[in-house]
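Below are some notes for your reading of this model, set out as numbered points. Please keep the structure open beside them, as each point refers to particular elements.

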Number of protein chains: 2
Amino acid sequence: MPSPAHRFLILADGQFDPLTSKTANSCIRYFPERIVAVLDRTQAGKTVAEVLGYGGTIPVVGDFAAGMRSGAGATAVLVGIAPPGGQLPAEWRGWLRQAIEAGLELWSGLHTFIGDDFELGSLARARGVRIFDARRPPPDLPVADGRAAEVGALVVLAVGSDCNVGKMTAQLQLRDALRARGHRVSFAATGQTGIFIEGWGIAVDAVVADFIAGAAEQLVMRAAVDHDIVLVEGQGSLVHPGYSGVTLGLLHGSCPGAMLLCHQPSREWIGDYHGREPWLRIPPLADLVELYERAAAPVRPSRVIGISLNTFDLTETAAREAVARAQEETGLPATDPVRFDPLPLVSAIEDAAAQAA
Amino acid sequence: MPSPAHRFLILADGQFDPLTSKTANSCIRYFPERIVAVLDRTQAGKTVAEVLGYGGTIPVVGDFAAGMRSGAGATAVLVGIAPPGGQLPAEWRGWLRQAIEAGLELWSGLHTFIGDDFELGSLARARGVRIFDARRPPPDLPVADGRAAEVGALVVLAVGSDCNVGKMTAQLQLRDALRARGHRVSFAATGQTGIFIEGWGIAVDAVVADFIAGAAEQLVMRAAVDHDIVLVEGQGSLVHPGYSGVTLGLLHGSCPGAMLLCHQPSREWIGDYHGREPWLRIPPLADLVELYERAAAPVRPSRVIGISLNTFDLTETAAREAVARAQEETGLPATDPVRFDPLPLVSAIEDAAAQAA
């Protein structure tokens, strides 16, 4: 487990913007007070708010050493983007070496573990500096056997029409709203960004395939202790040709008592295919509801209880229309829990919890 | 890639029987001429046929060194079972050391790679002996993007009601029958035993979860070269709480033009839960057909074209009744391609290939 309360310099060089630097942006949204600076040489001199529309006066810097000294001084470096091409660029390597030599912890959610890098791993061990590779799976994961269905808490899984439609953000907004109403609610992080925010979790997309559901089961069992509601971060989509296996493993392993369907209304095609023209149309919401309920049923029957929309790229009028349309198409409560009142989804979860109890 | 033509000593100590030693048994079924002996101290002195009902006079031995000298002498040791508890027992370690010291290649399909074992890996490198860990994923797997749908060959995926119902065996029987009728057909191995038999493949249950479908896609692209029909080994089941993620990833990554549903008629409950009472009933065959077709549809629509039954534990009368019942319940051709004529499924594949061409 990582140390609990760092002050972070976020590495987002060349990619800091509202769409690309997803990990950086979510960390800024959920713990801005712990971020001293963002490194992006192409945007140096701006504030984070000037780039993202939130995040206040956190500075964007162009010099790594200056970034480490920003504010009260960084105690850790958080890798907020994936390097283009997958390999660590030589410059990153230099920065990370600099950070380790200064005694800063490294937080990374990359598929390639920085702790396993010969040079950086050895240096960190020699200096006694911790490298937190958030995607590294825990040892000895079980094969799932459906026991997550037996926890006392109501387990709510976020499912989606596609990747990157706001499943994690929806759950975090609902967690806060449910907590404010006095519920004992936990957030089970299943991806690197969720793990950074929550401090623990398992990146289910990084475990060996046989153990996807086992990882989800272990997460839910732990998150349910002393809580009445467990909100599980979703991953991918059952209709995503690359990631659907992770999605179904997470669904069958977490055995949710209820599901929330997340969608970005402006999106018509399955995304995330940078090398190829889009070719898979996202099915209508009502079809997606049916698909998820049918997929869940053989292991544990579960219903979709609400629709969470991500309308950040729509005008307010268009966003309100999208919410009304989603409700009409599915007969389910809908809202954008970031932009509008999360109450329709909060109430749906409260009702499901009351029925389950 | 492993060397092509070894003579194997199979390690199956304490577990050599028709049900438990699945890897050993399949290797014996498909290349008996390359097996010099099976090590199982509890059955020493018997022939393989006395234990399995096939495999002829291959001896079961109780002494490892004697096993290595059997017949024309072993050139490789094949690990045919999983060790109880997952760790290499001390005795196995001694045997494998002995094998390496004698210059024998090691073939293993365990989740834990023998090549990464400090002692055995170092010894093998020092002696120039190859360790073939069949489950080790290839580097640089892609995220799937549906391009397996574009190959010229008809891709047929075996899907199942559960794990271990005969998906691999069905495809191998059909491969042989289709070859005998002059088709250019390849078998795409997706598990360790299939890889042992075919000599290449990717164990899709052992890749990092994000790359299940990518691994399946890469396999199909390669298996389709110079072939008109690709038979893809199936894995798990969409209704298996532990392994469904692998199954869906394989389905969406391989983009089959047709599916074969495999089932063991004597099985009523999802198995493979040794630590727990069975609690999930296998759905009716017609429901499974619909479930697989609905799951495939969003990425690439595909139909189940036949039912392959594994009736090894039924009387002949009961087996013929099971075949007739499967046909009646689904309206699809059915057979047990090991026990009876595979023609109903062969014809179904030929028809699908003719329609696709």
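1. Which residue stands opposite B:S308 in β11(B)? In this model, which is predicted, the partner is B:C262. The strands concerned are β10 (residues 258–263) of chain B and β11(B), which pair in the parallel sense over six bridges.

2. The same residue of β11(B) can be followed to another strand, since B:S308 also stands opposite B:T335 in β12(B). Here β11(B) and strand β12 (residues 334–335) of chain B run parallel and are joined by two bridges. It may help to display B:S308 together with B:C262 and B:T335 when you inspect this part of chain B.

3. How many of the seven residues of strand β11 (residues 303–309) of chain B are buried? Six of them are, so the strand is largely enclosed by the rest of the structure. As to the connection that follows, β11(B), helix α11 (residues 316–330) of chain B and β12(B) make up a β-α-β unit, and this unit is right-handed.

4. Turning to chain A, helix α1 (residues 22–30) is mostly covered, with seven of its nine residues buried. These buried residues are A:K22, A:T23, A:A24, A:N25, A:S26, A:C27 and A:I28, a list in which the lysine at A:K22 may deserve a look.

5. Against which elements do the buried residues of α1(A) pack? In chain A they pack against the strands β1 (8–11), β2 (35–39) and β4 (76–79), and also against the helices α2 (48–52), α6 (167–180) and α7 (192–198).

6. As for the relation between the chains, chain B is superposed on chain A by a rotation of 180 degrees with 0.0 Å of shift along its axis, the RMSD being 0.0 Å. The two copies are thus related as by a two-fold rotation axis.

7. The contact between the chains takes 33 residues from chain A and 34 residues from chain B. On the side of chain B that touches chain A, the elements that give two or more residues are α8 (212–224), α9 (244–254) and α10 (285–296) of chain B, and the largest share, six residues, comes from α9(B). By class, this side of chain B has 22 nonpolar, seven polar and five charged residues.

8. Finally, why can the copies be said to meet through the same surface? Of the interface residues of chain B, 97% are also interface residues in chain A, so the copies meet through the same surface.

Definitions and conventions:
Residues are numbered from 1 along each chain as its sequence is written. Chains are lettered from A and ligands numbered from 1 in the order in which they are written. This is a predicted model: local features need pLDDT of at least 70, side-chain atom pairs count only at pLDDT 80 or more; totals for chains, interfaces and linings use all residues. A residue is buried if 20 or more other C-beta atoms lie within 10 Å of its own, exposed if 12 or fewer, and partly exposed in between; C-beta atoms are placed from the backbone. Helices (H or I, at least four residues) and strands (E, at least two) are DSSP runs, numbered from the N terminus. Two residues are in contact if their C-beta atoms, placed from the backbone, lie within 7 Å. Copies are superposed by least squares on the C-alpha atoms of residues with pLDDT of at least 70 in both. Ala, Val, Leu, Ile, Met, Phe, Trp, Tyr, Cys and Pro count as nonpolar, Asp, Glu, Lys and Arg as charged, and the others, Gly among them, as polar. Two strands pair if DSSP finds at least two bridges between them. A crossover is right-handed if, with the strands pointing away from the viewer, the path from the first strand over the helix to the second runs clockwise.
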